[in-house]
Amino acid sequence: MEDLSFKDLQNSVCVITGGAGVLGNSIARSLASVGVVPVILDINEEAARQVAEDISSEFGVKCYGYKTNVLDKGSLEDVHRQILSEVGEIDMLINGAGGNSPKATTKLEQLTEDDLNDLEDGFFGLELEGFQKVFDLNFTGTLLPTLVFTKDMVIRQRGVVLNISSMNSYKPLTKIPAYSAAKASINNFTEWLAVHFAKVGVRVNALAPGFFLTNQNRFLLLDEKSGNLTARGEKIIANTPMGVFGEPDDLNGTVLFLLSDLSRFITGICIPVDGGYSAFGGV
Ligand code: NAD
């Protein structure tokens, strides 16, 4: 009979980039709850250490927090050495650092005839710098940690990578072209690397969260003053068959499944965790 208690994950070490963020924090807690040693990497050092401290005392397990910039290979290599000496071999990597920015967001969803005299509120108002920043954080910020942390896994012929994609990887959402393109590239890269590593014991998968109300999208979904849903927030709820935003903990069953041996014959997929959003045609 298959063991369904995630026992195989006990005492394994999982690095989570962006682990001090809303979703990363929730994922790290779920890992600790099944006996995994979470290693939180975040550009926000104080938050990384605080989350690690909270998890250690709450779950009575070891949890580590380090400052790391996922866009700086040197910073990743330094922390890699530190983890090997202070924690041990790394068994799993979750690439969670990512997000959108207002600087890569158009004001308009679509251009219409009324906008032809002032095109700056749409595509033409985007600055390369903002576009590049968001693209890099999401794509290069997944590529570099994967380069640094998976070599040992390949040599040991055992390991798992889990990338955090998004709904807009399947169909781009209006207003956020850089974030959409970057997350689409995550799905493609997940497939590519899964094939590349398939014969050396390292599985690579992704999950695509639907709509979770968090720091990166609050400004798009809730009106700052009233706290009510924006028109965009209402549209999302109307297009989510379950009719609610996700709660961070809703991801964790899928995370544990994809990390554990229960999914040992699965590599190169992206699982939507979205209340039905990706299945719904809107009518
Ligand atoms: P968040 O902003 O709460 O967390 C992101 C974390 O990444 C932060 O702690 C931040 O300090 C860290 N970070 C930013 N730049 C970094 C860098 N250069 N190096 C290291 N760490 C860095 O965001 P979240 O909502 O928890 O999102 C986590 C992941 O889930 C992201 O990849 C995001 O794109 C994805 N996602 C979120 C949603 C959602 O609805 N919130 C939906 C789909 C996908």
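E109 is partly exposed, with 35% of relative accessible area. That makes a handy place to start on this model, which is a predicted one.

**Charged pairs**

So what does E109 do with its side chain? It meets the side chain of R232 in a salt bridge, 3.6 Å from N to O. E109 sits in the loop between strand 4 and helix 4, while R232 belongs to helix 7 (residues 231–238), so this pair ties together parts that are 123 residues apart in sequence. R232 has a relative accessibility of 12%, so it counts as buried. The cut-off for that word is under 20% relative accessible area.

Here's the general idea behind such pairs: side chains of opposite charge can pair when their charged atoms come close.

How many salt bridges does a search of the whole structure find? The search turns up 10. Three of them, including the one you have just met, are laid out here.

| Pair | Closest N and O atoms |
|---|---|
| D91 and R156 | 3.0 Å |
| D121 and K107 | 3.6 Å |
| E109 and R232 | 3.6 Å |

Take D91 and R156, whose closest N and O atoms are 3.0 Å apart in their salt bridge. D91 is in the loop between helix 3 (73–86) and strand 4, and R156 is in helix 4, so the pair links parts that lie 65 residues apart in sequence. R156 counts as partly exposed because its relative accessibility is 31%. There's a third member to add here: E89, D91 and R156 are linked in a network of salt bridges.

Now for D121 and K107, a salt bridge with 3.6 Å between the closest N and O atoms. Both D121 and K107 lie in the loop between strand 4 and helix 4, so this pair ties together parts 14 residues apart in sequence. Are the two partners buried or exposed? D121, at 27% relative accessibility, counts as partly exposed, whereas K107 is exposed, with a relative accessible area of 63%.

**A nonpolar patch on the surface**

Stay with that loop for a moment. F123 has its place in the loop between strand 4 (92–95) and helix 4 (128–156). Is F123 buried or exposed? Its relative accessibility is 55%, so F123 counts as exposed. F123 also has company: together with L111 and F124 it forms a nonpolar patch on the surface, and the three share about 330 Å² of accessible area.

**Around the ligand**

Next, look at the ligand. It is surrounded by 27 residues, and the closest are L23, D42, Y179, F212 and T214. By class, this shell holds 11 nonpolar, 14 polar and 2 charged residues. Which helices each supply at least two residues of the shell? They are helix 1 (22–33), helix 4 and helix 5 (177–197).

Some backbone atoms get involved as well. A backbone N or O atom of F212 is 2.8 Å from an oxygen atom of the ligand. For G96, a polar backbone atom lies 3.1 Å from an oxygen atom of the ligand. With I43, a polar backbone atom is 3.2 Å from a nitrogen atom of the ligand. How much of the ligand does the protein bury? Taken alone, the ligand exposes 830 Å², and the protein buries 89% of that.

**Two buried residues**

A52 is part of helix 2 (residues 45–59). With a relative accessibility of 3%, A52 counts as buried. A52 and A28 are 24 residues apart in sequence, and their C-alpha atoms are 8.7 Å apart in space.

I90 has its place in the loop between helix 3 and strand 4. I90 is buried, with a relative accessible area of 2%. From I90 to F135 you go 45 residues along the sequence and 27 Å through space, C-alpha to C-alpha.

**Backbone oddities**

Most residues other than glycine have a negative phi. N11 is not a glycine, yet its phi is positive, at about 70°. N11 is found in the segment before strand 1 (13–17), and it counts as exposed because its relative accessibility is 65%. Q157, a residue other than glycine, has a positive phi too, near 55°. You'll find Q157 in the loop between helix 4 and strand 5 (159–164).

Terms used
Residues are numbered from 1 along each chain as its sequence is written. This is a predicted model: local features need pLDDT of at least 70, side-chain atom pairs count only at pLDDT 80 or more; totals for chains, interfaces and linings use all residues. Side-chain values use heavy atoms; hydrogens and water are left out. Patches are made of residues with over 30% relative accessible area and no salt bridge: like charges are joined within 9 Å, nonpolar side chains (Val, Leu, Ile, Met, Phe, Trp, Tyr) within 5 Å. Accessible areas come from the Shrake-Rupley method with a 1.4 Å probe; for residues, only the protein chains shown count as cover. A salt bridge is a side-chain nitrogen of Lys or Arg within 4 Å of a carboxyl oxygen of Asp or Glu. Helices (H or I, at least four residues) and strands (E, at least two) are DSSP runs, numbered from the N terminus. Buried means under 20% relative accessible area, exposed over 50%, partly exposed in between (1.4 Å probe, protein chains only). A residue is near a molecule or strand if one of its heavy atoms lies within 4 Å of it. A polar contact is a pair of N or O atoms within 3.5 Å; within protein, one must be able to donate a hydrogen and the other to accept it, and residues adjacent in sequence count only if both atoms are side-chain atoms. Ala, Val, Leu, Ile, Met, Phe, Trp, Tyr, Cys and Pro count as nonpolar, Asp, Glu, Lys and Arg as charged, and the others, Gly among them, as polar.
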